Each structure stands twice: as structure tokens, then as C-alpha cells.
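Open the model in your viewer and set it to a cartoon view. The tour below goes from one selection to the next.

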Amino acid sequence: EGNRRLRRRRRTRAALRFSFWLFVCLAGGAALFAAAAGGWSYLSDPGRFPLESVVVEGAPPPVKEEIVTSLNPLFGRNLFSLDLRALELRVRSHPWVLSASVHRRLPDSLLVVVTPRRVEAFYEIGGQIRMVGTDGRDLGPYEPRWAGEDQPVITGLEAPTRAEVAARLDRALRALRELREGHPGFVESLSALDVSRDDRLTATLRGFGPPVWLHPKAPARNLDRLGTVRARLASEGIGVAYLDLRFRDRIAALPVIDGGSKGAS
């Protein structure tokens, strides 16, 4: 009987301790909730922390101006009432924005960090020159304020189906990316890149008349030797109809013989 009474007293004390700490936790949680609610009410008060400026980083001036203009209706609103995720989606909807993040800068500003789209090339189709980004996205008709004039023009895209047009454009962009990584100087001298044929890419260079044929799957092949070949042709006064860089460890040329006829290379 004594042992039973002892166990009952222990259970009673344990229940009391549990009830006490449960009450403390609930009271503390209620206090924290009340403090958080009060703090949020203070922060989100329409009269406090009004948006007064938008700072845009990483975007070119025209894009920066258009982003600020798109956010103008938010001026005067409480910073903490703004949905930053929704604002990021709004900024990313701009055709010249690749990615963006929006941050609050107390007491009255938004910071918008932008990664802009870059024009990879121009392309000609249907008699129109259009711009294409590094991700293959069409950026609209050519406009000097966005792209300047130093980008290569992709030609030879006319095809019976849209799928074939897209495939040719993708092949050209992949070739340009590979060339930019390994031979940026060649891309800077590139005026046009024709993709009308499946067996070659035809490059037209600034300051060099003959076309240069590149391998469609290995466009950088033999480019490290192109400068030497061009210098030799110039020093010996040899004119060529084309230079063919498609063969492994070999550059083929079709010389132009005196009188305009073409001979074997």
C-alpha cells in the first residue's frame, strides 16, 4: 500500500510539472505570437516605409528605365506589403531580362539586380534582319540601340518547315558559342554565317573576300592555322575561290588562275 501511495504521489508531481511547463510554453508562444503580430502590424502600416526609389543594377540604360517605369505604380506603398516574388516575375517578363532578383533596402528603396539578355547574332529571314539571344530566344527586329552593328548575320535559314528553320538556327548558334569560347577573334571578324547546307557552314569574313567553309559539327577545326594560310596567300599573291577547313589536319583551297579560271587546289 505504501508503494502504491508513493507511485501516486510521483505521478501527481509529474503531472503537475508537465502542466506547469505546458502552461509556460503556451503562454510564451502566445506572447511571441502577439509580439510578432504587433511587429508585423507596425512594419506593414501603410504610413510607414513608403517606397520612394527603385535602384536597378546590371541592366543597360534603356532596360533600366523601362523597369523603373513598370514599377512606378508601387511608389508610396509600404515596402513590407510588396510581394517580392511577384515583382521578380514582373521584371523577368521584360524581353531583355534573362533573370532578376528583387530586394528591400530600408527605409524606402527596392534593389533590382538584373542579368540582361545579350544579342548573340542577327539572322535574316523573310527579307528581315532580326536579333537572337544567347539562349536562342527571338528578340525582335534589329534595333541599333539594343545590339549595335558588330554582330554576325546568320543566313540560309529559309526552309520548307518551321522545324527545319529552328534546327538551322540552333546549329548556327551552337557553332557561334563554340567559336566564341575558343576563337573570339575569328567571331569578331565574322560578317555572316550561312547555314543553308548540311555539309558545311560558310563564313564570310570582314577584310577577306573568299568564303571559309567550316565543319558543321566541329566549326573550330583548323582555325588555329587559318591566319598562317591567309598570310601565305597574301605574300605570294595567290587568289582563292574559297578555303575549306572541314578536313582534319588539312586546309583545302581552290586557287584562281590568271585570267579568272579556277584550278585544282
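The stops are a sheet, the helices packed on it, and then a separate helix with its surroundings.

The coordinates are a predicted model. Start with the sheet: select its nine strands, which run in the order β6-β5-β4-β7-β8-β9-β10-β11-β12 and form an open sheet with mixed pairing. The edges are β6 (138-141) and β12 (252-255), each of which pairs on one side only. From one strand to the next, the twist averages 25°.

Next, zoom in on β4 (residues 119-125) and β5 (residues 128-133), an antiparallel pair joined over six bridges. Show the side chains of glutamate 124 and, opposite this residue in β5, isoleucine 129.

Now add helix α5 (residues 162-182), which packs on the sheet. The strands touched by α5 are β4, β5, β7 (153-155), β8 (190-194), β9 (201-205) and β10 (208-214). The direction of α5 makes about 145° with that of β4. Then select helix α7 (residues 223-236), also packed on the sheet, where α7 touches β9, β10 and β11 (240-244). Its direction makes about 160° with that of β11.

Move to helix α3 (residues 84-92). Which residues of α3 are buried? They are Leu84, Leu87, Glu88 and Val91. These residues lie on the same side of α3 because they cover an arc of only 105° around the axis. Display α2 (61-71), β2 (97-105) and β3 (109-116) as well: they are among the elements that cover the buried residues of α3.

Finish at the N-terminal end of α3, which is capped by aspartate 83. A side-chain oxygen of aspartate 83 lies 3.1 Å from the backbone nitrogen of arginine 85.

Note on methods
Residues are numbered from 1 along each chain as its sequence is written. This is a predicted model: local features need pLDDT of at least 70, side-chain atom pairs count only at pLDDT 80 or more; totals for chains, interfaces and linings use all residues. Side-chain values use heavy atoms; hydrogens and water are left out. Two strands pair if DSSP finds at least two bridges between them. Helices (H or I, at least four residues) and strands (E, at least two) are DSSP runs, numbered from the N terminus. Axes are lines fitted to C-alpha atoms, for helices over the stretch in contact, and angles run from 0 to 180 degrees between N-to-C directions. Contact means heavy atoms within 4.5 Å. Buried means under 20% relative accessible area, exposed over 50%, partly exposed in between (1.4 Å probe, protein chains only). The arc is that of the directions from the helix axis to the C-beta atoms. A polar contact is a pair of N or O atoms within 3.5 Å; within protein, one must be able to donate a hydrogen and the other to accept it, and residues adjacent in sequence count only if both atoms are side-chain atoms.
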